[in-house]
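Let's take a walk through a protein chain together. Have the structure open and turn it around as you read.

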Amino acid sequence: MFNPNEVKRMLKRMGINVNVKDVDAVKVIVELKDGSSIELSNPTVVLLEMPGGVLLYQVQVDKRDVKANQPQAPPRVVVKAQSPKYSEDDIRLIMDQTGVSRDEAIKALEEANGDLAEAILKLQKSGFHP
């Protein structure tokens, strides 16, 4: 690992006057544009305050403390289309036999628990017939 005081002396010799500070960091996470990240554990971090308000962070870490994380995929929502409870033929038969609308035929089938004869008889008794 490097010594912040050495960095400061070296920069001063090059004519760059900076304020160098140790940063007591436990972890550094770099988030990339593709959604992945790089996690750096146990880093040595030094802040160099450059002229003009520029901040430069120097991060040094052992290779074993680097962990690459893949982008998180957004949760997938799966919507299953519910298959119709009653066949088109059953619905059409009730409509033809009683003269009711499609919705009324389906409602009658639901009330009769799918029994075609019962649905037709109920509709005919209630006054729906051709």
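A residue counts as exposed when its relative accessible area is over 50%, and as buried when that area is under 20%. Keep those two cut-offs in mind, and remember that what you are looking at is a predicted model.

**The overall layout**

The protein chain has four helices and six strands. Start at the N terminus and you'll meet the elements in the order α-β-β-β-β-β-β-α-α-α. Of its 130 residues, 22% count as buried. What about contacts that reach along the sequence? Among contacts between residues at least 6 apart in sequence, 44% join residues at least 24 apart.

**The two sides of helix 2**

Now zoom in on helix 2, which covers residues 88-98. Which residues of helix 2 are buried? They are Ile91, Ile94, Met95 and Thr98. These buried residues span an arc of only 100° around the axis, so they sit on the same side of helix 2. Here's a handy bit of background: an α-helix has 3.6 residues a turn, so residues three or four places apart point the same way.

What do the buried residues of helix 2 pack against? Their partners are helix 3 (102-111) and helix 4. Flip to the other side of helix 2, and you'll find Asp89 and Asp96 exposed.

**Helix 2 meets helix 4**

Helix 4 takes in residues 116-125, and its axis comes within 10 Å of the axis of helix 2. The two axes cross at roughly 30°. Angles under 35 degrees count as roughly parallel, and helix 2 and helix 4 are therefore roughly parallel to each other. Their crossing is right-handed.

Which residues make this meeting? From helix 2 come Asp90, Leu93, Ile94, Gln97 and Thr98, and from helix 4 come Leu116, Ala119, Ile120, Leu123 and Gln124. Sorted by class, the contact has six nonpolar, three polar and one charged residues.

**A closer look at Ala119**

Pick out Ala119, which sits in helix 4. Is Ala119 buried or exposed? Its relative accessibility is 0%, so Ala119 counts as buried. Setting aside neighbours within four places in sequence, Ala119 touches Ile94, Ala108, Leu109 and Ala112. Take Ile94 from that list: Ala119 and Ile94 are 25 residues apart in sequence, and their C-alpha atoms are 7.6 Å apart in space. Ile94 has turned up before, as one of the buried residues of helix 2.

**Residues with a positive phi**

Last stop: the backbone angle phi. Where does Gly99 take its positive phi? Gly99 comes just after helix 2, and its phi is about 80°. Asn42 has a positive phi too, although it is a residue other than glycine. Asn113 is likewise not a glycine, and its phi is also positive. Here are the values:

| Residue | Phi |
|---|---|
| Gly99 | about 80° |
| Asn42 | near 55° |
| Asn113 | about 50° |

Where do the two Asn residues lie? Asn42 is in the loop between strand 3 (37-41) and strand 4 (44-50), while Asn113 is in the loop between helix 3 and helix 4. Are they buried or exposed? Asn42 has a relative accessible area of 53%, so Asn42 is exposed. Asn113 reaches 71% relative accessibility and therefore counts as exposed as well.

Definitions and conventions
Residues are numbered from 1 along each chain as its sequence is written. This is a predicted model: local features need pLDDT of at least 70, side-chain atom pairs count only at pLDDT 80 or more; totals for chains, interfaces and linings use all residues. Side-chain values use heavy atoms; hydrogens and water are left out. Axes are lines fitted to C-alpha atoms, for helices over the stretch in contact, and angles run from 0 to 180 degrees between N-to-C directions. Angles under 35 degrees count as roughly parallel, over 145 as roughly antiparallel, 65 to 115 as roughly perpendicular and the rest as oblique. A crossing is left-handed if the near helix is turned anticlockwise from the far one by less than a right angle, and right-handed if clockwise. Contact means heavy atoms within 4.5 Å. Ala, Val, Leu, Ile, Met, Phe, Trp, Tyr, Cys and Pro count as nonpolar, Asp, Glu, Lys and Arg as charged, and the others, Gly among them, as polar. Buried means under 20% relative accessible area, exposed over 50%, partly exposed in between (1.4 Å probe, protein chains only). The arc is that of the directions from the helix axis to the C-beta atoms.
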